[in-house]
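This report describes selected strand pairings and backbone features of one protein model. The sequence and structure are shown first, and the description follows.

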Amino acid sequence: MLIIFDQQGKRITDFGTNSLYPDGVPYDPQPGELVFRINDNDPLVQQILAAGSVEGVIVNGVVQSVNVFKRITVTVDKPQITANGIDTATITATVDDPASTEPIEFRDGSGTLIQTVICVNGQARLPVTATVPGDIVIIAKSTTKYGQNQVSVKAV
C-alpha cells in the first residue's frame, strides 16, 4: 500500500493494495508530497482501509508512522417506527474519543443537512419521527477525522 501525505501529515491520496506491488506501486513524489509505504500483509493495512481518516506522523520531513482514526459508528434504538408523527427512533453517532465534543452533522440520504449536534462524551443523538411510510436514511458525518456512516429507519 502506498499513501501520499502533504508536509503537515494530511492524507492526499493512496494507491490501496496491489498484488503485483505489495509495498505500493512505483511512484515519484511531487514537490511537497511525502510517501508512506506499507506491505499489504501488515495488519495495519486493514485498519487503514476501514479508517475514517489517516494522518501521517512527520519527523524531519519523513513520514515515520501513521495515526489511524476509526470511522464513526451509527446505531438506532428502533429500526422501525410507526409513521404517526409521535413514535420516535433515536440515532446515536459515536466517535472513537469518549471525551470528544465535536459537532456531528446529521444529513438525510441525499446529503442535505438536517441538524448539527455537539457530542457529549463522544456521542451525538438525533430523534427521528415520520408521518409518511418509507425508509429514512440518516448519515452521521464527523466534522473532524472520523469520516461518516449511515443507518436507516423504516417508517410503517
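In this predicted model, strand S7 (residues 80-81) runs parallel to strand S13 (residues 148-155), and two bridges join them. Within this pairing, isoleucine 81 stands opposite alanine 155 in S13.

Strand S13 also pairs with strand S12 (residues 134-142), here in the antiparallel sense and over eight bridges. Glycine 134 stands opposite alanine 155 in S13. Alanine 155 thus has isoleucine 81 opposite it and also glycine 134. S12 and S13 form a hairpin in which five residues lie between the two strands. The turn of this hairpin contains glycine 147, whose phi is positive at about 70°.

Positive phi values also occur at two asparagines. Most residues other than glycine have a negative phi. Asparagine 60 nevertheless has a positive phi of about 55°, and asparagine 121 likewise has a positive phi of about 55°. The table sets out the place and accessibility of each.

| Residue | Phi | Loop between | Relative accessibility |
|---|---|---|---|
| Asparagine 60 | about 55° | S4 (51-59) and S5 (62-70) | 77% |
| Asparagine 121 | about 55° | S10 (113-118) and S11 (123-128) | 60% |

Are these asparagines buried or exposed? A residue counts as exposed when its relative accessible area is over 50%. Asparagine 60 is therefore exposed, because its relative accessibility is 77%. Asparagine 121 is exposed as well, because its relative accessible area is 60%.

Terms used
Residues are numbered from 1 along each chain as its sequence is written. This is a predicted model: local features need pLDDT of at least 70, side-chain atom pairs count only at pLDDT 80 or more; totals for chains, interfaces and linings use all residues. Side-chain values use heavy atoms; hydrogens and water are left out. Helices (H or I, at least four residues) and strands (E, at least two) are DSSP runs, numbered from the N terminus. Buried means under 20% relative accessible area, exposed over 50%, partly exposed in between (1.4 Å probe, protein chains only). Two strands pair if DSSP finds at least two bridges between them.
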